[in-house]
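Open the model in your viewer and keep the selection tool at hand. This tour goes from one selection to the next and says what is found at each stop.

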Amino acid sequence: MRIVVDHDLCSGHGRCATVAPALYVLDDNGFSAVNELDVPVHLEDAARAGANNCPERAITLIGDD
Ligand code: F3S
């Protein structure tokens, strides 16, 4: 599974980093610092939680069946 963050949609809500800090890192302004990221198998649930908690739907999970 791969995380892709759309920076045109990210508005700095920061919920991704709150629910899954091991994956979703924020920049100094509170916006997602992630562009694309391969997700270790043991963090796939965390990746989904972060994506589902983004109110802007800025996070896409590639290869999530
Ligand atoms: Fe941005 Fe959504 Fe996270 S708006 S900071 S990707 S919760």
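Select Arg-57. Is this residue buried or exposed? Arg-57 has a relative accessibility of 54%, and exposed means over 50%, so Arg-57 counts as exposed. To place Arg-57 along the chain, look at the loop between α2, residues 44-52, and β3, residues 59-62. Its backbone is worth a look too: phi of Arg-57 is near 55°, a positive value in a residue other than glycine. Keep in mind throughout that the model is predicted.

Next, select Gly-63, in the segment after β3. Its relative accessible area is 58%, so Gly-63 falls in the exposed class. Now add Arg-2 to the selection and compare sequence with space. The two residues are 61 residues apart in sequence, yet from C-alpha to C-alpha Gly-63 and Arg-2 are 6.6 Å apart.

Go on to His-42, which has its place in the loop between β2 and α2. With 65% relative accessibility, His-42 counts as exposed. Select Gly-12 as well and draw a line between the two C-alpha atoms. How far apart in space are His-42 and Gly-12? The distance is 26 Å, for a separation of 30 residues in sequence.

The following three stops share a loop. Start with Ala-22, in the loop between α1 and β2. Ala-22 is exposed, at a relative accessible area of 61%. From Ala-22 to Ile-3 the C-alpha distance is 13 Å, and 19 residues separate them in sequence.

Then pick Phe-31, which also lies in the loop between α1 and β2. Phe-31 has 33% relative accessibility; partly exposed covers values from 20% to 50%, so Phe-31 belongs to that class. Which residues does Phe-31 touch, leaving out those up to four places away in sequence? They are Cys-10, Ser-11, Gly-12, Val-25 and Leu-26. His-7 is 24 residues from Phe-31 in sequence, and the C-alpha atoms of His-7 and Phe-31 are 8.4 Å apart.

Move to Ser-32, in the loop between α1 (15-19) and β2 (36-38). Its relative accessible area is 6%, and buried means under 20%, so Ser-32 is buried. Show its side chain: a polar atom there lies 3.2 Å from the backbone nitrogen of Val-34. Apart from neighbours within four places in sequence, Ser-32 is in contact with Val-5, His-7, Cys-10, Val-25, Leu-26 and Asp-27.

The last stop is the ligand. Select the ligand and then the residues around it: there are 13, and the closest are Cys-10, Ser-11, Gly-14, Cys-16 and Cys-54. Colour this shell by residue type. How many of its residues are nonpolar, polar and charged? The shell holds five nonpolar residues, six polar ones and two charged ones. Finally, turn to the space that the ligand takes up: this space is the largest cavity.

Before closing the viewer, go back to Cys-10. Cys-10 is among the residues closest to the ligand, is touched by Phe-31, and is in contact with Ser-32. Ser-11 can be revisited in the same way, being among the closest residues to the ligand and one of those that Phe-31 touches.

Methods. Residues numbered from 1 in each chain as written. Predicted model: local features only at pLDDT ≥ 70, side-chain atom pairs only at ≥ 80, totals over all residues. Heavy atoms only, no water. Near = heavy atom within 4 Å. 1 Å grid on protein atoms, 1.4 Å probe; cavity = no way out; pocket = protein on both sides within 12 Å on 5 of 7 lines; lining within 4 Å. Sits in = over half its atoms within 2 Å of the grid points. Nonpolar A, V, L, I, M, F, W, Y, C, P; charged D, E, K, R; others polar. Helix = DSSP H or I, 4+ residues; strand = E, 2+ residues; numbered from the N terminus. Buried < 20%, exposed > 50% of the residue type's maximum accessible area, 1.4 Å probe, protein only. Polar contact = N/O pair within 3.5 Å; in protein donor to acceptor, adjacent residues only side chain to side chain. Contact = heavy atoms within 4.5 Å.
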